[in-house]
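Student: I'd like a close look at a single part of this structure, with its surroundings explained step by step. Could you walk me through it?

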Amino acid sequence: MASPLRVVVTRKLPAAVEEALASRYDVLLNRTDIGLSSDQLVQVLQQADVIVPTVTDKFHPGIFDTTGIRTKLLANVGVGVNHIALEAAKRAGIAVTNTPDVLTEDTADIAIALMLMVMRRLGEGERHLRSGAWAGLRPTFMLGRTLRGRTLGIIGYGRIGRAVARAAHAAFGMHVLYHAPRPPRIDDPATDGPAGAERVATLEELLRRSDVVSLHCPATPETRHLINASTLAMMPPHAYLVNTARGDVVDEAALTHALKERQIAGAGLDVFEFEPSVTAELKDMEHVVLLPHLGSATMETRTAMGMRALRNVDAFAAGEALPDRVV
Ligand code: 8YV
């Protein structure tokens, strides 16, 4: 029998996933759960047939110039792959897979939660109560804004963007606008956006007409700083920005300035340009909600993501086509 594949898992995964991997392959787990340095990633590329990485592992282009690379597959745990230099990986003969579908609904839920949190001032309210300052109800105290009947502008109308649109429309009667470079390919009608969702031709039209803008595009060179000083200036002052996509899509300095100057009403952020570093300026503002990249963070979804990565490893081991191949 051929010796089992050597698989290195870069971060701690739910126990069921680690056990399933270890039962099939020669697996090296990360018991400390401390992220790997660039030098450690180089070593892993030289030692592992397959790496199971995640968003905290930065595979920059130069890393694939390493001599003696053994790795043939990066089975990423996560749908976003902007932390991997895809073309360089491909040139080095390394396939990359991701974990779509399984995280759609939980990530969409966090976008909806951020809308509620920032518009209904929930983070601010909780901080107020915990500080001991709450003196009881007053009819004009801490009034937020309702989501009902508002216009939601979605940038990037893939699986997650459409799931947010469905939930926002069904739960709050929001009118949905979306901007996407290509019309979405819908394999299953259940994953379509709500009836009446309106595709707008330009980003500018979406930003000018939306009460809430939610980002759901991948981080690519084209979408880097899509939200910047000039696009923020297109949003009306009562509008909110929600980001559960990637920090790089937003010029964080420009957003901070727009929030400070009250050019927009608030922001709900699950991802950051220099993650995990979040500026004191953002932390100081009450009309900003900050979450530590929790989009897919449920036991159910993180387990399903790990199992989806495993499915790709299994296909690779069997010499079959990789189900979620990115390159
Ligand atoms: C986390 C995500 O990065 O799937 C993605 O691209 O951003 C999130 O789901 C992932 O869960 C990291 O483990």
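Tutor: Happy to; the walk below goes through one strand and its sheet, and then on to the other parts around it. Please keep in mind that this is a predicted model.

Let's start with strand β7, which covers residues 175-179. This strand is mostly covered, with 4 of its 5 residues buried. On one side, β7 is joined to strand β6 (residues 151-155) by 5 bridges, and the two run parallel. Two of the facing pairs can be picked out by name. L152 has V176 as its bridge partner in β7, and G153 stands opposite L177. If you follow the chain from β6 to β7, you pass over helix α6 (residues 159-172), and the three elements together make a right-handed β-α-β unit.

β7 also pairs with strand β8, a short run at residues 198-199. Here 2 bridges make the connection, and again the strands run parallel. In this pairing, Y178 of β7 stands opposite R199 in β8.

Now we can place β7 in its sheet. Which order do the 7 strands of this open sheet follow? The order is β8-β7-β6-β9-β10-β11-β12, with parallel pairing. β8 and β12 (288-290) stand at the edges, and since each has a single partner strand, one side of each is left without a neighbour in the sheet.

Two loops that follow strands of this sheet deserve a stop. The loop between β9 (212-215) and α8 (229-232) holds H225. Although H225 is not a glycine, its phi is positive, at about 55°. Is H225 partly exposed or buried? With 15 other C-beta atoms within 10 Å, H225 counts as partly exposed, because buried begins at 20 and exposed ends at 12. The other loop runs between β11 (266-269) and α10 (280-284), and P276 is found there. The peptide bond leading from E275 to P276 is cis, with omega near 5°.

There is a second open sheet to look at, this one of 5 strands in the order β2-β1-β3-β4-β5, with parallel pairing. Its edge strands are β2 (26-28) and β5 (95-97), each of which pairs on one side only. On average, neighbouring strands of this sheet are turned by 20° against each other, direction ignored. At the β2 end, strand β1 (residues 6-9) and β2 run parallel and are joined by 3 bridges. Within that pairing, V8 has L28 as its bridge partner in β2.

From β5 the path leads to helix α4, and D101 lies in the loop between them. D101 is not a glycine, yet its phi is positive, about 70°. Its surroundings put D101 in the partly exposed class, because it has 14 C-beta neighbours inside 10 Å.

Helix α4 itself takes in residues 104-119. How does its span compare with expectation? At 1.5 Å a residue, its 16 residues should span 22 Å, and the end C-alpha atoms are 23 Å apart, which agrees. α4 is mostly covered, since 12 of its 16 residues reach the 20 C-beta neighbours within 10 Å that make a residue buried. Among those buried residues are T104, D106, T107 and A108, along with L114, M115 and M117. After the helix comes R121, whose phi is positive, near 60°.

Another loop lies between β4 (73-75) and α3 (86-91), and N82 is found in it. N82 is buried, because 20 other C-beta atoms lie within 10 Å. Although N82 and D251 are 169 residues apart in sequence, their C-alpha atoms are 16 Å apart in space.

The last stop is the ligand, which may be the part you want to examine in your own tools. Which residues surround the ligand? They are T54, V55, V77, G78, V79, G80, L103, G295 and S296. Sorted by character, the shell around the ligand divides into 4 nonpolar residues, 5 polar ones and no charged ones.

To pull the walk together, β7 is joined to β6 by 5 bridges and to β8 by 2. The sheet of β7 has the order β8-β7-β6-β9-β10-β11-β12, while the other open sheet has the order β2-β1-β3-β4-β5.

Notes
Residues are numbered from 1 along each chain as its sequence is written. This is a predicted model: local features need pLDDT of at least 70, side-chain atom pairs count only at pLDDT 80 or more; totals for chains, interfaces and linings use all residues. The expected span of a helix is 1.5 Å times one less than its number of residues. Two strands pair if DSSP finds at least two bridges between them. A crossover is right-handed if, with the strands pointing away from the viewer, the path from the first strand over the helix to the second runs clockwise. Axes are lines fitted to C-alpha atoms, for helices over the stretch in contact, and angles run from 0 to 180 degrees between N-to-C directions. A residue is near a molecule or strand if its C-beta atom, placed from the backbone, lies within 6 Å of it. Ala, Val, Leu, Ile, Met, Phe, Trp, Tyr, Cys and Pro count as nonpolar, Asp, Glu, Lys and Arg as charged, and the others, Gly among them, as polar.
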